[in-house]
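User: Please take a close look at a single part of this model, one loop and its residues, and set that part in the context of the whole chain.

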Amino acid sequence: RAPPAPSPASTPLCGLRSISVGVGALGLGYPSPETVVFRYCGGGCPAPPTLHGLALGAVLGPGGPGGGPC
């Protein structure tokens, strides 16, 4: 039996979000004082995974945004 879908009131609206991330946190193999701004869709944005979403999930950890379209 599938779990119940979240009610619209409890799911944040789908929208563009952003987060500043240190380049060293991306796991590229070198330290850097630089930061990059990841822009991603957050909230109720159902979509299949993308490379951007997978990279963002690696930075934000489990339960982060999926990187789908807004």
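Analyst: What follows describes the loop between the two strands, after a short account of the whole protein.

This is a predicted model, in which local features need pLDDT of at least 70 and side-chain atom pairs count only at pLDDT 80 or more, while totals for chains, interfaces and linings use all residues. Residues are numbered from 1 along each chain as its sequence is written, and side-chain values use heavy atoms, with hydrogens and water left out.

The protein has one helix and two strands, where helices (H or I, at least four residues) and strands (E, at least two) are DSSP runs numbered from the N terminus, and along the sequence they follow the pattern β-β-α. The average pLDDT, which is the predictor's confidence in each residue on a scale from 0 to 100, is 76, and 71% of the residues score at least 70. Confidence is highest in β1, at a mean of 91, and lowest in α1, at 80. Of the 70 residues, 20% count as buried, a term that means under 20% relative accessible area, with exposed meaning over 50% and partly exposed in between (1.4 Å probe, protein chains only).

The loop in question runs between β1 (15–22) and β2 (35–42), and Pro33 is found in it; Ser32 lies in that loop as well. Ser32 has a relative accessible area of 17% and is therefore buried, whereas Pro33 is exposed because its relative accessible area is 82%.

Ser32 touches Val23 and Gly24, when residues up to four places away in sequence are not counted, contact here meaning heavy atoms within 4.5 Å. A polar atom of the Ser32 side chain also lies 3.1 Å from the backbone nitrogen of Glu34; a polar contact is a pair of N or O atoms within 3.5 Å, in which, within protein, one must be able to donate a hydrogen and the other to accept it, and residues adjacent in sequence count only if both atoms are side-chain atoms. Val23 appears again beside Pro33, since the C-alpha atoms of these two residues, 10 residues apart along the chain, are separated by 7.0 Å.

For the other loop, Gly44 is found between β2 and α1 (51–60), and at 37% relative accessibility Gly44 counts as partly exposed. Gly44 and Leu13 are 31 residues apart in sequence, yet their C-alpha atoms are 5.7 Å apart in space.
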